[in-house]
Amino acid sequence: LIQIELFGIHFTAMNIQRYFMASFGLLGSIYLLIKRKSVLVYFIVFGSLSFTSGALATLFLVENDYMIAGSAIEIFIFTLGLSYKSLCLLKQNARIQLEVLQMEMIALRAQMNPHFIFNSLGSIQHLIRLDRQKKALEYLSNFSKLLRLVLDSSRQGSISVAEEAQLMELYIGLEALRFEHKFTYKVVIDTELDADNLEIPILLIQPHVENAIIHGLLPKKAASHLEVGFYDEPEYIRCTIIDNGVGRKASTENKAKSNPGHKSHGQAIVADRLMQMQDKTTAGELVQIVDIETGLSERTGTKVVIRIHKED
């Protein structure tokens, strides 16, 4: 129309096109608002309306500044929309990672609990083979209490420190009964620790307790003792397993002679569980194993320290 110099028709056609596009944009925005499935619709609608308003103002008021302002507002609103979308994606990724973490924790617990129950059943079978019916029944009674506590708590994944201490006392008592009370034991809870309300993963320290009994205390011929403690720290719950057994060096040598090639996975699972929960901390900071020595550098036991972050 411009080429053939029909300027009047050209302006009329342009106005009709602008009215049509404005009406189409308005109706489209209303439709999107009615059918909206996401908050992002608001950013699209209000950004588009800003641009359309600027275009119409420029048309009627013949001033390009309105078009520039409308376009700038549209760009700003769309930028906010993109930022909101990025934030939603970050939250979604965080939620997926949390679900994956929970699945991994369940898988790790699934490796621990059957292992723990299998050892207890083995102890009962051991007493039955020795024809010690009375002790077998006593063991079975205590084991049933322990199993009930484990099953009641396993769905939750974590239990209070007080309940974990009760579980450990039952477990150690069963092992002491199995091995003719060759060792004494004590479970300690710090009076400063809110043991009834603070929670830790169920059976977290059990592999270390088992290792202390089997490989530290039982090979020792003299009197032996095990102490499990739960203590309060500003940011952590500190769990300690202290035995006055043969020490790690002698224990490693004994294991190599009695069962060459065997690898124990219980302690590795503990480290994995802790690192899954507290991925900003290395396993070496969360679990520390040290030898207890006399003044003559004679190793007289082992101390395990496990630190668990208090939940916010």
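Here are five short exercises on a predicted model, each with a worked solution.

**Exercise 1. Find how the rings of Phe 20 and Phe 24 are arranged, and where the two residues sit.**

Solution. Start with the geometry. A pair of aromatic rings is described by the distance of the centres and the angle of the planes. For Phe 20 and Phe 24 the centres are 6.3 Å apart and the planes meet at 25°. The cut-offs are within 6.5 Å for a pair and under 30 degrees for stacking, so Phe 20 and Phe 24 count as a stacked pair.

Next, look at the backbone. Both residues belong to helix H1 (residues 7-34), and because they are four residues apart, about one helical turn separates them. Finally, check the surroundings: Phe 20 is exposed, and Phe 24 is exposed too. By the ring-centre rule, the structure has three aromatic pairs.

**Exercise 2. Work out which strands pair with E4, and in which sense.**

Solution. Take E2 to begin with. Strand E2 (residues 183-189) runs parallel to strand E4 (residues 224-232), and seven bridges join them. If you want a spot to look at, Val 188 lies opposite Gly 229 of E4.

Now go to E5. Strand E5 (residues 236-243) pairs with E4 in the antiparallel sense, over seven bridges. Here Tyr 231 has Arg 238 in E5 as its bridge partner. With three residues between them, E4 and E5 make a hairpin.

**Exercise 3. Trace the salt bridges of Glu 233 and say how exposed the partners are.**

Solution. Glu 233 sits in the loop between E4 and E5. One partner is Arg 238, with the closest N and O atoms 3.0 Å apart. Another is Arg 307, at 3.1 Å from N to O. Arg 307 lies in strand E7, 74 residues from Glu 233, and this pair links distant parts of the chain. Put the contacts together and you get a network of salt bridges that links Glu 233, Arg 238 and Arg 307.

For exposure, the cut-off for buried is under 20% relative accessible area. Glu 233 has 15%, so it counts as buried. Arg 238 is partly exposed at 22%, and Arg 307 is partly exposed at 21%.

The structure holds four salt bridges. Another of them joins Lys 310 to Asp 232, with a closest N to O distance of 2.5 Å. That pair spans 78 residues, from Asp 232 in strand E4 to Lys 310 in the segment after E7.

**Exercise 4. Explain what stands out about the phi angles of Glu 180 and His 181.**

Solution. Recall the background: most residues other than glycine have a negative phi. Glu 180 has a positive phi of about 60°, and His 181 has a positive one near 55°. Both are placed in a loop: Glu 180 between helix H5 (161-178) and E2, and His 181 likewise between H5 and E2. Glu 180 is partly exposed, at 33% relative accessibility, whereas His 181 reaches 51% and so counts as exposed.

**Exercise 5. Locate nonpolar residues in the core and on the surface.**

Solution. Go inside, to the largest nonpolar core, which has 43 residues. Val 209 and Phe 230 have the most contacts within this core. Elements giving two or more residues to this core include helix H3 (64-129), helix H6 (206-217) and strand E7 (299-309). H5 gives the most, with 10 residues.

Then turn to the surface. Leu 1, Ile 4, Leu 6 and Ile 9 form a nonpolar patch with about 370 Å² of accessible area together. Ile 4 belongs to the segment before H1, and with 58% relative accessible area it is exposed.

Technical notes
Residues numbered from 1 in each chain as written. Predicted model: local features only at pLDDT ≥ 70, side-chain atom pairs only at ≥ 80, totals over all residues. Heavy atoms only, no water. Phe/Tyr/Trp six-rings, centres within 6.5 Å; stacked < 30°, edge-to-face > 60°. Buried < 20%, exposed > 50% of the residue type's maximum accessible area, 1.4 Å probe, protein only. Pairing = 2+ DSSP bridges. Patch = residues over 30% accessible without salt bridge, like charges linked within 9 Å, V, L, I, M, F, W, Y side chains within 5 Å. Areas by Shrake-Rupley, 256 points an atom, 1.4 Å probe, with all protein chains shown as cover. Salt bridge = Lys/Arg side-chain N within 4 Å of Asp/Glu carboxyl O. Core = buried A, V, L, I, M, F, W, Y, C linked by side-chain atoms within 4.5 Å.
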